[in-house]
Amino acid sequence: MQMYTLGSYLIAHYAGQPYSEFARDRIFTPLNMSATTFSPSVAQNSGKLTHTWDKDGRRIPLWATDEHTELMAAPAGLISNAEDVVKWLAVWLNKGVEPSSGVRIFPESVYSATTTAQHVVYGSPARGYGSGVVGYGMGWTRWSHGNVDVRFISTFCCSWG
C-alpha cells in the first residue's frame, strides 16, 4: 500500500495537481470513463453505487469518505464499473493506446516499467502458477505458464454502475 501512496504523491507533486485530478484529466476523461471516480460522494450521488456483500449475504457498507479520497486514491480508492474497467484494460492490452481512436493515453515505457516484475514472490515454480518464477511489480503479478507469459493486474476496487 505504501508504494501506491508514494507513487500518487510523486505524481501529484510533479504534475502540480492532486492525484485524483491527474487521473481524471489524463485517463478517465480521454477514455470517456464516466462511471469512474475516487470520490465516494460522487459515486453515492449517482444512485448506482453498490456495496460489498460477504459470503453469508451480509452487506459491508462503503467505509471511505471524501476525506480519504487523496490518501486512498492510488492504493484502494478507485470506484468504477465493468464497462469503464474494460476501457482501461483495452488500453493496457494495447500498451497505452486507446484502440478505437489510436490516442496514446500513456507512453509504452510506462507499460513496460509497470508490467515488469520488480519483486520475486515465488522463486521456484509455485502450485497454481504453472512452471515459472512469480514476480510482482506496481500492481501486476507476472509469471509464465509453459510458453505463455501471464500478466495479471491486481488493482481495482468497488463497483459503480
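# Reading helix 5 and its surroundings

Biologist: How many residues does helix 5 have, and how far does it reach from its first C-alpha to its last?

Modeller: Helix 5, residues 82-93, has twelve residues and reaches 16 Å from its first C-alpha to its last, close to the 16 Å expected at 1.5 Å a residue. Helices (H or I, at least four residues) and strands (E, at least two) are DSSP runs numbered from the N terminus, and the expected span is 1.5 Å times one less than the number of residues. Please keep in mind that this is a predicted model, where local features need pLDDT of at least 70 and side-chain atom pairs count only at pLDDT 80 or more, while totals for chains, interfaces and linings use all residues. Residues are numbered from 1 along each chain as its sequence is written, and side-chain values use heavy atoms, leaving out hydrogens and water.

Biologist: Which residues of helix 5 are buried?

Modeller: Buried means under 20% relative accessible area, exposed means over 50%, and partly exposed is in between (1.4 Å probe, protein chains only). In helix 5 the buried residues are D84, V85, W88, V91 and W92. They cover an arc of only 115 degrees around the axis, so they sit on the same side of helix 5; the arc is taken from the directions from the helix axis to the C-beta atoms. Turned away from that buried side is a face with the exposed residues A82, E83, V86 and L93.

Biologist: What caps the N-terminal end of helix 5, and what comes just after the helix?

Modeller: The cap is N81, which has a side-chain oxygen 3.3 Å from the backbone nitrogen of E83. Just after helix 5 comes K95 with a positive phi of about 55 degrees, in a residue other than glycine. K95 is in the loop between helix 5 and helix 6 and counts as partly exposed at 36% relative accessibility.

Biologist: Where else should I look for a positive phi?

Modeller: Try N32, which is not a glycine and yet has a positive phi of about 55 degrees. N32 lies in the loop between helix 2 and helix 3. Another case is G16, just after helix 1, with a positive phi of about 70 degrees.

Biologist: How many salt bridges does a search of the whole structure find?

Modeller: Side chains of opposite charge can pair when their charged atoms come close. A salt bridge here is a side-chain nitrogen of Lys or Arg within 4 Å of a carboxyl oxygen of Asp or Glu. The search of the whole structure finds four. One of them belongs to helix 5: D84 pairs with K87, the closest N and O atoms being 3.7 Å apart. These two are three residues apart in helix 5, so about one helical turn separates them. D84 is buried at 2% relative accessibility, whereas K87 is partly exposed at 22%.

Biologist: Which other side chains meet in a salt bridge?

Modeller: Among them are R24 and D25, at 3.0 Å from N to O. R24 is partly exposed at 40% relative accessible area, and D25 is partly exposed at 36%. K55 and D56 also meet, at 3.7 Å from N to O, and both are exposed.

Biologist: What does the side chain of S20 contact, and what does that of T115 reach?

Modeller: A polar contact is a pair of N or O atoms within 3.5 Å; within protein, one must be able to donate a hydrogen and the other to accept it, and residues adjacent in sequence count only if both atoms are side-chain atoms. S20, in helix 2, makes such a contact with the side chain of E70 at 2.2 Å. S20 is buried, with a relative accessible area of 15%. T115, in helix 6, has a side chain reaching the backbone oxygen of Y111 at 2.7 Å, and T115 is buried at 2% relative accessibility.

Biologist: Which residues form a nonpolar patch on the surface?

Modeller: They are L6, Y9, L10 and Y14, with about 490 Å² of accessible area together. Patch residues have over 30% relative accessible area and no salt bridge, with like charges joined within 9 Å and nonpolar side chains (Val, Leu, Ile, Met, Phe, Trp, Tyr) within 5 Å. Areas come from the Shrake-Rupley method with a 1.4 Å probe, and for residues only the protein chains shown count as cover. L10 lies in helix 1, residues 2-15, and is partly exposed at 38%.

Biologist: How many helices and strands are there in the protein chain?

Modeller: There are six helices and eight strands. Buried residues make up 32% of the 161 residues in the chain.
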